[in-house]
Each structure stands twice: as structure tokens, then as C-alpha cells.
Amino acid sequence: MSHDPEPISAVNEWTDPSTDHEHDAEHAHHVVPMWLLVGVLVLLLALTWITVAVTWIDLDTMFNVPNLNVVVALGVALVKAAFVAFYFMHLRWDAPFNGLILVASLAFVVLMISWTILDGQEIDRLVETPRAARSVQAN
Amino acid sequence: MTTATSHPAPDGHDDHGGHHSPHLAHHFYTMTQQVGSAKLGMWAFLATEILMFGGLFCAYAVYRALHPEVFLFGHYFLDTNLGAINTAVLLLSSFTMAWGVRAAQLGQTTLLVTLLALTFLGGVGFMGIKYVEYTSKFDHGLGPAQGIYYNVTTEYSDGNTAQVKRYLVPNSAFIIAGEGDIKYGVGEPTSDQLHQLDDALHYHEKYALKSHADEGLHKDHAKAESGKGDEHAEDHSDSQATPAFSGEADPHEHLVDQSFTPTGAMVTSAVTDTRPPEHSAMALATNGSFGLSDTFEKSGIATTSVSSAALEVGFYEPTLWDTLTEREQSLAYQFFSIYYCMTGLHGLHVLIGMGLIAWVAVRALGGAFGPEYNTPVDLVGLYWHLVDLIWIFLFPLLYLIH
Amino acid sequence: MSSINVPGITDIFGKPVSEKTASENYLTHGKGIMSWLLTLDHKRIGIMYMVTVLTFFLVGGLFAILLRTMLLSPEPLLAQAGLMGETASNNFYNQSFTLHGAVMVFLFIIPAIPAILGNFVLPLMLGAKDVAFPRLNLFSWYCYMGGSLFFLWVLGKGIINLVMLNTFGVDMVPIWGHGGLDTGWTFYTPYSTGEDTGGAVVAATAGAFILGFSSILTGLNFIASIHMLRPPGMGWFKMPLMLWALYSTSIIQILATPVLAITLLLLIAERLLGVGIFDPSLGGDPVLYQHFFWFYSHPAVYIMILPAFGVISECISVHSRKHIFGYAFIACSSMAIALLGFLVWGHHMFTSGQSALLGAIFSFITMFIAVPSAIKVFNWLATMYGGAIRLSAPMIYAMGFIWLFTIGGLTGIFLGSLETDIHLHDTYFVVAHFHYVMVGSTLFAFLAGMHHWWPKMFGRSYSEVGAQTAAWLIFIGFNITFIVQFVAGAQGMPRRYATYPDEYWIWHFLSTMGSYVLTIGLFYALGVWIHSLVKGKQVAANPWGGNSLEWHTTSPPPFENFHGTPIGTDPYNYDHWHFDPELDGYVLREEEEPAEAERTAPDRAPQPA
């Protein structure tokens with residue numbers, strides 16, 4: 001009796017001789033063209049300059065948005081990181097799951113930071129403010 | 001492949017003659033599968049690195065959200081230029097590494113070795129600059145667990161000089177770190193310096209003053225009355241009684257009018273030997289209730305650039321370490337604690353990356369890599385790029401605090 | 001399994017294998033100690049993990065018995081016995097519970113199922129020859145050994161120092177330095193940054209740091225293996241549920257363990273450099289330490305329990321002779337638990353000054369964990385329903401698991417609710433709860449898995465009667481030990497106290513008595529295993545009639561695991577396995593399985609004409 005309704009092929013994507021491994025290999029070893037590498041480098045250096053330049057301007061006051069400078073600095077850093085990951089680290093041509101790992105790890109970092117920071121102010125409320133109040137009373 | 005060779009299996013995985021690279025491990029069918037596994041494993045490892053640094057970023061974020069003034073204050077001690085140069089160095093080395101992977105894929109062994117050497121040199125350059133930064137900080141007492149101090153050299157009228165080590169803490173003083181050798185009252189500060197002053201005042205008002213008013217973190221009076229560190233108070237902390245700040249010898253420093261001192265002296269002091277000339281910092285401190293504009297006018301500094309908000313800001317005298325409360329002392333730790341943890345761990349990763357690059361370069365010299373097999377170059381490259389990625393975030397967060 | 005004499009090693013068709021395979025399996029492939037210490041074979045690495053993890057389990061267990069014995073008296077027992085002063089006796093207690101907790105968590109529960117059973121069966125279930133990175137696998141064992149020995153050395157040294165100084169008046173510190181730790185396994189600040197911690201915080205955390213590498217490398221290996229090494233015919237939803245469980249565990253190991261690493265590094269930095277991130281006297285926030293720690297350690301709770309779910313899914317289905325019920329739900333609930341596990345860490349911190357908002361959020365999400373957990377329990381019960389249940393030792397352990405996990409899980413809901421937790425926090429209720437989950441569930445699943453795969457690992461049968469007796473002893477002893485702790489805790493007995501008011505005595509007495517029964521049961525189980533190794537009979541390739549790929553090879557498996565590449569089929573369809581009373585195991589019929597027959601044929605002994 002057959003134990004599976006569908007006949008199962010004895011080959012998989014790795015063992016199947018008909019799979020075009022040469023093509024696969026090209027995927028795994030995508031050779032990045034030189035102009036792209038140089039272009040990304042120039043872009044990264046330019047973005048570095050922008051990050052520094054942005055600190056010369058007080059964006060917070062200019063647009064009346066708190067912490068805008070930090071947000072812009074991190075945004076530029078994120079763009080830089082994306083270029084490094086996509087082109088220098090070959091993610092653009094790599095298995096999508098590897099990209100997912102990167103995104104997921106960043107997401108978990110964000111999760112950790114955001115929830116912990118929510119709680120970070122508690123020490124101010126529970127410890128520091130009462131302590132300061134006590135020291136005022138003491139005076 | 002002993003079993004498979006002796007018993008050709010029905011899946012026919014022995015048929016892939018073209019793929020039987022000597023590098024193929026026995027438990028993989030094809031190089032593609034092996035390379036894919038290696039890359040997947042490396043990315044999973046990189047995820048652990050990201051999460052590990054994530055913990056540090058988390059500590060950074062929590063403390064920066066809690067005490068932005070500490071971070072603003074602390075970052076003036078960092079050299080943005082060196083940080084930016086280091087960023088560029090790492091980006092360049094990342095580029096040479098990526099190029100190296102390309103060279104390995106194309107079988108250009110000489111080019112590959114050259115590029116790996118250049119990448120390694122990038123690491124050396126980065127660590128060299130870090131070394132310069134670290135040593136200059138250690139020289140000035142900016143260790144991971146030390147207060148931030150500077151030395152005040154005082155000239156007495158009889159010609160003797162004395163050096164006093166004064167600690168700076170956020171909330172009690174702020175620093176103007178600027179280009180050029182600025183000494184308070186000597187020459188005019190540049191617009192840059194005024195901008196930074198303005199900037200610092202802005203933050204000071206926003207955070208420190210608030211805490212001063214609301215929470216009574218008022219060092220001078222608190223310490224004078226708390227009786228802590230009496231000896232020091234006698235010696236130094238009461239600037240009225242300390243000749244250190246009267247600076248009679250220098251007409252330019254003849255700023256401290258006795259009439260200002262009842263509530264605490266307005267103190268100015270030229271920072272002498274604690275910082276490199278291009279990095280001279282000036283502590284400006286007073287807790288007087290007088291208008292700041294007076295001070296500036298007397299010192300010949302144009303007041304126009306100072307925002308009106310700044311004029312209402314009270315300044316606090318740089319205080320002696322021992323007279324601070326425990327909490328205040330601890331605040332001074334924070335920025336550099338985090339700075340050293342983050343850059344230290346990152347530096348360690350740079351060193352590990354350099355070791356890996358050296359290993360790959362030696363193997364490349366022996367002609368180990370080519371179009372068929374270049375996984376180690378690829379993986380070391382990924383690691384090196386990640387080190388670069390982390391620095392891309394560290395740089396603005398530590399050096400470019402606004 | 002009875003002890004019918006099986007004529008040598010047979011293949012999955014019940015036919016004798018070739019002389020080569022009969023004489024050479026992974027256990028006999030290489031000779032000498034170095035062939036083990038330098039092996040890259042996942043099966044041998046699994047066995048090495050088994051020996052070492054069980055040894056450390058013994059150490060942790062002995063300290064558990066010691067603790068329970070000390071709690072027989074409301075006063076410091078060692079002081080009453082005149083062995084040492086009261087303070088020393090209490091310090092001894094503190095260091096002992098730290099050692100017990102740390103050893104059990106880091107050295108036993110976390111590596112038990114993934115590193116022992118996972119290492120052994122994962123490649124077999126995948127029909128692969130090995131894990132994706134065999135060298136990293138061996139390295140992870142060395143990390144484990146290095147970390148463990150270092151860990152035990154520094155913790156044990158403190159206890160020996162204490163006893164030598166206070167009982168015999170010999171100061172060992174000049175001889176081999178300070179040691180010991182009394183912070184509990186969590187290394188909470190400010191205990192761990194304070195002066196009086198026993199003296200070994202840096203060394204112990206360094207040990208835990210190294211252990212983290214072992215955990216990460218195992219997880220990384222499993223993820224890559226499951227992604228890249230699946231055999232023909234095995235899509236994601238054709239994998240045995242054990243693989244889903246190990247996969248979700250590995251995700252947690254990858255994402256959470258590095259946070260523990262940085263936490264411990266920062267702790268070391270605090271003590272060595274005076275960096276102030278957690279230490280309040282240096283300006284740090286001790287609650288931040290708890291955030292960091294539980295960001296790792298709550299998911300780590302699922303590192304301990306998720307693989308147990310996998311083992312139970314296998315055992316319940318195979319020993320009920322019935323297809324698993326709700327396969328996709330069990331698989332997806334493992335992943336859901338892995339992800340939800342990252343969102344609930346704050347429920348360990350309800351009383352430590354966490355913000356009310358965050359407490360409410362964490363409490364709310366904690367309730368959601370109950371959903372995927374309950375899905376699993378209901379699916380296991382539905383699998384058993386109408387099945388031909390075989391009350392073998394693994395099945396008794398598995399059913400015990402369901403019982404204990406349900407109690408542990410439901411009491412977790414008490415603790416996950418903000419209000420009740422205020423009352424129950426840091427009482428014996430918590431101790432009982434997490435022992436029900438960690439020991440009751442993980443240990444039971446581990447024992448279920450050990451008995452389930454034991455014939456595959458060693459090719460030997462064990463005494464079914466003995467194993468079942470041990471299972472019942474463990475089950476009864478465990479319940480006596482810990483169910484009374486719920487009562488003690490609800491009445492207010494705080495955890496980690498060396499002494500207690502007299503009215504709690506009866507609960508402690510019962511608990512201690514139960515722990516003795518538990519100990520006897522565990523040693524009995526060990527005896528059964530040793531007896532099996534010495535006297536056990538050769539078993540069939542598939543003694544239980546399971547269909548996941550590890551049953552498609554000889555017992556014990558050959559060095560290369562399989563002859564040719566096996567094909568993945570539905571792992572829970574047992575119809576085509578036929579019981580062979582002569583072999584006391586299940587066999588395939590060649591006419592029904594031509595592909596398998598062709599695959600294994602070259603390895604068969606020449607048939608007598």
C-alpha cells in the first residue's frame with residue numbers, strides 16, 4: 001500500500017540532476033559590478049558627511065519637532081546600513097531568508113529598546129524625584 | 001561519501017560530477033547547498049551579534065532618554081573629526097573587503113591579497129585612531145569609571161602657582177569644547193563656540209535648570225550646608241575664599257567682581273593642560289543671580305549671539321568631587337561608561353575581524369580561493385561589514401549628539 | 001519491549017543486515033577516547049552531551065536534596081547539627097540554592113533536550129548524514145564543557161571554602177582563592193554588584209557567557225540544518241514536530257542568548273571597571289538589569305519547554321499508534337510561543353518597580369501564551385483519543401508531562417495576573433510553578449525522549465517494568481514535593497530563605513519526603529539505563545513503529561546514518577509498519593515499499609538460498 005497519496009520524488013532541489021546548479025551557483029556567488037561598489041562607497045561617504053552636517057543645524061528648533069536631529073541622524077544611518085547590507089553584503093542577490101534574519105534581529109532590538117525605554121523613566125519617578133525632594137526638605 | 005560511493009543511491013547524487021569539489025563536505029550534495037548553509041549560518045550568527053550590541057544600544061537609549069543633558073555634556077569631550085575619519089576609514093575598508101570578495105569570485109588572487117591587506121590596514125587605522133582617542137581621554141581622567149575633571153592652575157599674587165583638580169558634573173557646569181585655544185576673557189570666541197554655548201545653554205535650561213528648580217539639585221548650597229567634604233569646602237569649593245579664581249595677575253581675567261560673590265562667585269578659569277590645544281575646553285560657572293550679559297560684556301564677549309533664554313540660566317560652580325551627592329557623582333559616570341562599553345566591544349570586534357582577515361589573506365596567498373570556492377572570504381566579509389554597520393550607528397549616537 | 005532474542009541487527013524490513021553494518025555502527029566506528037573527543041559525528045556528540053549533562057544533573061540534584069534536607073528544620077540545620085555557626089549555615093544554604101539553580105538551568109535544562117536528543121535525532125529525522133556544521137557542533141560541546149567545569153569550579157569552591165573554614169577551621173582561600181556565589185541563578189543586581197556575594201560573580205558570569213556560546217552554536221546549527229538539509233519529499237509541513245520544536249527553540253537561542261551575553265559582560269564590566277549601568281551606587285538602574293536579564297531568560301524558559309513539546313508530540317503520536325491531531329496547529333503554536341515568549345519578559349518584574357502601564361501590557365500578553373500552549377495540550381489529548389495507546393515507559397512519562405504541564409501552565413496564569421502576583425511573587429508558589437514547568441515538564445519530556453529513543457541510540461532494549469516503576473516513582477515523588485509548595489507559597493512562605501516560622505514546617509517536611517521519593521525514582525531510572533547498556537538485548541530497527549526518518553535506519557544507526565538518501569513521508573502515518581512479534585518491533589514489507597527496499601538492499605546480508 002502506498003503511504004502517501006502523492007508519489008514522492010526521490011530528488012529534492014539539491015539532489016535533482018535537472019536543477020540548474022550552475023545558475024544557482026551564480027546566485028550564490030553573485031559578482032557585484034565594480035561601478036556599483038564604487039557608487040555605493042561614494043554614496044556612503046556622502047551620507048557620512050550629511051550626518052555630520054546635520055548636527056550644524058538645530059532641526060529641533062527649526063521645525064519645532066523634538067529630537068528631530070536624532071531621528072534624522074538615525075535615519076541617515078539606517079540608509080547607510082541598508083546600502084552596506086544590500087550591496088556590500090550581497091543581500092540583494094542572496095537568499096531572502098538571510099535578509100529576513102537581518103530584519104528580524106533589528107526588529108527584536110527595537111522591541112527590546114522600545115519596551116525597556118518605556119520603563120526607563122520609572123527610576124526617575126520612583127527613586128530620583130523622591131530623593132531630590134528629600135534633599136530639598138533637608139535643606 | 002564512503003557509503004554513497006560503494007552503493008550508488010537511487011537519488012543519483014553521485015551524478016553531479018561537475019560539483020564534486022574537493023571542498024564539498026560529506027553531508028552536502030552540492031556546493032550550492034553547502035555555500036547556502038554556510039551563509040545562512042553566518043547570517044544567524046550576525047543576528048546574535050546584532051542582538052548583543054542591541055543590549056548596549058538599549059542601555060544607551062534608556063540613559064539618554066533619562067538624562068539627555070549628560071549625553072550632551074559628555075559628547076563635547078569626543079572629537080567629531082576623529083570619529084568622522086574613523087567612519088570613513090571603516091567604510092573604505094568595507095569597500096575594499098567587498099571588492100576583495102569580487103576578486104575572489106573572479107579568481108584574481110593577487111588583487112584579492114592586496115585588497116585584504118588594505119582592509120586589514122583599514123582596521124589598523126581604525127584601531128590606531130581609537131588608540132589616540134582613548135589615550136587622550138585617559139590622560140584627562142575620562143576613564144570608564146572616573147569623574148570628568150580638569151586641572152585649574154592658579155597664579156597667586158606672590159608668583160606661586162597651585163594646581164587644583166576640579167571635577168565637572170552635568171547640571172553643575174557645562175563645557176564649551178571648541179576649536180582653537182579659547183580662554184575665557186581672552187579674545188573673542190568664534191561664532192562656532194557661541195553656537196555651542198547657545199546650544200548647551202538651551203539644553204541646560206531645558207533639563208538641568210528644571211531639575212534644579214523642581215528637585216532642588218542645588219549643589220553649592222546643599223554641599224555647603226550638608227557638611228560633606230568640609231575640608232574641601234574650606235580649601236576650594238567656596239570660591240570666594242579661594243584665591244584660585246581671583247586671577248589678579250591677568251587683567252583679562254580680572255572678571256570676578258567681589259560684588260558678585262555673596263551668592264557664590266562667578267568663576268572663570270582657563271583650562272590649562274588637560275586638553276590638547278585644538279580641543280581646549282572652558283568651564284564657565286557661576287551660581288549668581290546676576291544677568292549673564294554683564295559677564296559677557298565685562299569679558300568683552302559679544303552677547304548678541306546668546307539667546308535670551310540663556311540669560312536667565314543660572315550657572316553652577318564646577319564642584320569638587322567629594323562634595324557631590326552620590327547620585328550626582330554617578331551621573332557623571334554614565335556617558336563614558338556607555339561610551340567605553342560600546343566602542344570597546346566594537347573595537348574588540350574590529351580586532352577579531354582583523355584576525356579573520358589575516359587568516360583569509362594567508363590562505364589566499366596560497367591560492368586557496370577562486371571562482372569554485374571562496375566561502376571563507378565571503379563570510380569574513382559579512383562579518384567585517386557587520387562591524388562597519390554597527391559603527392555606522394555608533395558614530396552619530398556617540399559623537400553627534402545635538 | 002520484552003526481551004525476545006533478536007538475531008543481530010536487522011534493517012527496516014526485519015532482514016539481517018550485511019556483516020559490515022552489523023559489526024560497525026556509529027558506536028563502534030572509531031576506537032579509543034580520542035575518536036570520541038574529536039568526533040564530528042552528531043550522534044556521538046549527542047552521547048557526549050548525554051554523559052556530561054547527566055553528570056551535572058546529578059550534581060544539581062544532590063544539591064537539591066541537600067537543600068530540601070536543610071529545610072527539614074525551621075532553624076539553620078547545619079548550625080543545629082553543630083557543624084558550623086548560624087551565619088555560616090545560612091550562607092551555605094544561599095550558596096547551595098544558587099549552585100542548584102544555576103547548574104540546573106544553565107547546565108541541565110537548557111542543553112538537555114536540544115543538545116542530547118536534538119543532536120542525536122535531528123539529522124536522523126532529516127535523513128541527513130550530519131548537522132550542517134559538524135565542527136561547530138563539536139566546538140559547542142567544548143564550550144559547554146569549558147563553561148560548565150569553570151562554573152562548577154568557582155561555585156563549588158565557595159561552598160568548600162565555607163565548609164572548610166567553618167567546620168574544620170581550615171582557610172582554603174590562600175590555597176585556591178575565593179569562590180562561591182549567593183545571588184541566585186539570576187545574578188540580580190545589586191546583589192551581584194555588591195561586596196558580599198560569595199566572591200565569584202565575575203568568574204561565574206564568565207562561565208555562563210561561555211555556556212551561551214554553546215547554546216548559540218547549537219541553535220545556529222539546527223536552523224541551518226533544517227533549512228538546508230531536508231530530504232526529498234519533506235516540505236516544511238511534512239517535518240516531524242520535533243523538528244518544528246527544535247527550530248523554534250533555535251530561533252530563541254539565536255535571538256535571546258546574545259542579550260544574556262551582553263548582560264553578563266556588562267555585569268563583569270561593572271565589577272572590574274566600575275562601569276555604572278546596573279549598579280545603583282554607580283548611577284545605574286538595577287531594574288534595567290532585570291529587563292536585560294529577562295529579555296533573555298523569559299524566552300529561555302521556552303528554550304527549556306519548546307523542545308519538550310516536540311518530544312511529547314512524537315511520543316504521544318507513536319505510542320497511541322495514531323496520526324497526530326492538528327499537525328499544523330502544533331507546528332505553528334511552537335512558532336507562536338517562540339515569538340510571544342519575547343513579549344512577556346516583564347511579568348517577572350511586576351513587583352520590582354516596573355511602570356504600571358508596562359506591567360499591564362506584559363500581564364495582558366502573558367495571557368496569550370496560554371492559547372498556543374492549550375492548543376498543544378488539546379491536540380495531544382485529541383491524538384490519544386481513540387488511539388491504540390501503549391502504556392510503555394515513554395508514554396507514561398508523556399502523559400505525566402501533560403498532567404504536570406497543565407498544572408504548571410495554569411498556575412502560571414495566577415502569576416501572570418498583576419494582582420495575584422503581588423501576593424505570590426517570590427513565594428514558594430513561584431518555586432512550585434516553575435518546578436512544575438521546568439522539572440515536571442522538561443525533565444519528564446526529557447525522560448520520555450530518552451526512553452523513546454534509547455533503543456535507537458544504543459540498539460538495546462531496557463527493562464520495561466523497571467522503567468515504568470521508575471516513571472511512577474518520579475511522578476509521585478515529584479507531585480508530593482511540589483504540590484505542597486503551592487500551599488506553602490500561597491500562605492506566604494517566601495522563597496530562598498534558609499529558615500522559616502514553625503507553621504510552615506509541615507509543608508517543608510512533606511516536600512522533603514517527596515523529594516526523596518523523586519530521588520529514588522531518578523536513580524532507579526539511571527539503574528535501568530545502565531542495566532540496559534550491560535544486559536540489554538538487541539532491538540529491531542523500529543521497536544515502536546514510528547515513521548519519522550530516524551526509524552528508517554538500523555538500531556543503532558550506522559556511522560553514515562542511512563544507506564542512500566531516505567525519502568521524507570508523512571511522519572505520523574504508521575499504517576505501513578507491521579508488527580513482527582519475532583523481532584518485537586515493526587517492519588516494512590518489501591513489496592509495499594520498493595523504493596526503500598532498493599535503497600537498503602545493498603546493505604543486506606546475503607539471503608540464504
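In which helix of chain C is C:Phe475 found? The legends below treat a predicted model, and the first of them takes up this question.

**Figure 1. C:Phe475 within helix α16 of chain C.** The residue C:Phe475 belongs to helix α16 of chain C, an element that covers residues 464-490. C:Phe475 has 22 other C-beta atoms within 10 Å, and because the cut-off for burial is 20 or more such atoms, C:Phe475 counts as buried. A partner far off in sequence is C:Trp403: the two residues are 72 positions apart along the chain, while their C-alpha atoms are 9.9 Å apart in space. The helix itself has 27 residues, which at 1.5 Å a residue should span 39 Å. The C-alpha atoms at the two ends of α16(C) are 39 Å apart, in agreement with that expectation. Just after α16(C) comes C:Gly492, with a positive phi of about 110°.

**Figure 2. Helix α9 of chain C and its kink.** Helix α9 of chain C runs over residues 241-273. Its 33 residues should span 48 Å at 1.5 Å a residue, and its end C-alpha atoms lie 47 Å apart, which agrees. At C:Ala256 the helix has a kink of about 30°. The proline C:Pro258 follows shortly after that point. Most of α9(C) is covered, with 29 of its 33 residues buried. After the helix comes C:Gly274, whose phi is positive, near 80°.

**Figure 3. Chain C as a whole, the setting of the two preceding views.** Chain C contains 18 helices and 2 strands. Its radius of gyration is 25 Å, close to the 25 Å that the globule rule gives for 609 residues, so chain C is as compact as a globular protein of that length. Taken along the principal axes, the C-alpha atoms of chain C fill a box of roughly 80 × 50 × 45 Å. Of the 609 residues in chain C, 62% are buried. Among the contacts in chain C between residues at least 6 apart in sequence, 81% link residues at least 24 apart. The mean pLDDT of chain C is 91, and 98% of its residues reach 70 or more. Over residues 1-6 of chain C, however, the pLDDT is below 50, and this stretch has 17 contacts in the model beyond near neighbours in sequence.

**Figure 4. The side of chain C that touches chain A.** Here 25 residues of chain C are in contact with 21 residues of chain A. Two helices of chain C, α10 (286-320) and α12 (356-384), each supply at least two residues of this side. Of the elements of chain C, α10(C) gives the most to the side that touches chain A, with 4 residues. By residue class, this side of chain C divides into 11 nonpolar, 10 polar and 4 charged residues. For the complex, the predictor gives an ipTM of 0.93 and a pTM of 0.83.

**Figure 5. A:Val52 in helix α2 of chain A.** A:Val52 lies in helix α2 of chain A, and that helix comprises residues 34-54. With 20 other C-beta atoms within 10 Å, A:Val52 is buried, since burial requires 20 or more. Apart from neighbours within four places in sequence, A:Val52 is in contact with B:Thr80, B:Ala84 and B:Leu400. Within its own chain, A:Val52 stands 21 residues from A:Ala73 in sequence, with 8.4 Å between their C-alpha atoms.

**Figure 6. Chain A and the confidence of its parts.** The secondary structure of chain A consists of 6 helices and 0 strands, in the order α-α-α-α-α-α along the sequence. Of its 139 residues, 31% are buried. Among contacts in chain A with a separation of 6 or more, 49% come from residues 24 or more positions apart. The mean pLDDT of chain A is 80, and 78% of its residues reach 70 or more. Among the elements of chain A, helix α2 has the highest mean pLDDT, 93, whereas helix α1 (residues 21-28) has the lowest, 48. The pLDDT stays under 50 over residues 1-7 of chain A, a stretch with 10 contacts beyond four places in sequence. It also stays under 50 over residues 20-27 of chain A, where the model has 8 such contacts. Where pLDDT is low, the predicted coordinates should not be read in detail.

Key:
Residues are numbered from 1 along each chain as its sequence is written. Chains are lettered from A and ligands numbered from 1 in the order in which they are written. This is a predicted model: local features need pLDDT of at least 70, side-chain atom pairs count only at pLDDT 80 or more; totals for chains, interfaces and linings use all residues. Two residues are in contact if their C-beta atoms, placed from the backbone, lie within 7 Å. Ala, Val, Leu, Ile, Met, Phe, Trp, Tyr, Cys and Pro count as nonpolar, Asp, Glu, Lys and Arg as charged, and the others, Gly among them, as polar. pLDDT is the predictor's confidence in each residue, from 0 to 100. A residue is buried if 20 or more other C-beta atoms lie within 10 Å of its own, exposed if 12 or fewer, and partly exposed in between; C-beta atoms are placed from the backbone. The expected span of a helix is 1.5 Å times one less than its number of residues. The bend at a residue is the angle between axes fitted to the seven residues ending there and the seven starting there. The radius of gyration is taken over C-alpha atoms; the globule rule is 2.2 Å times the number of residues to the power 0.38.
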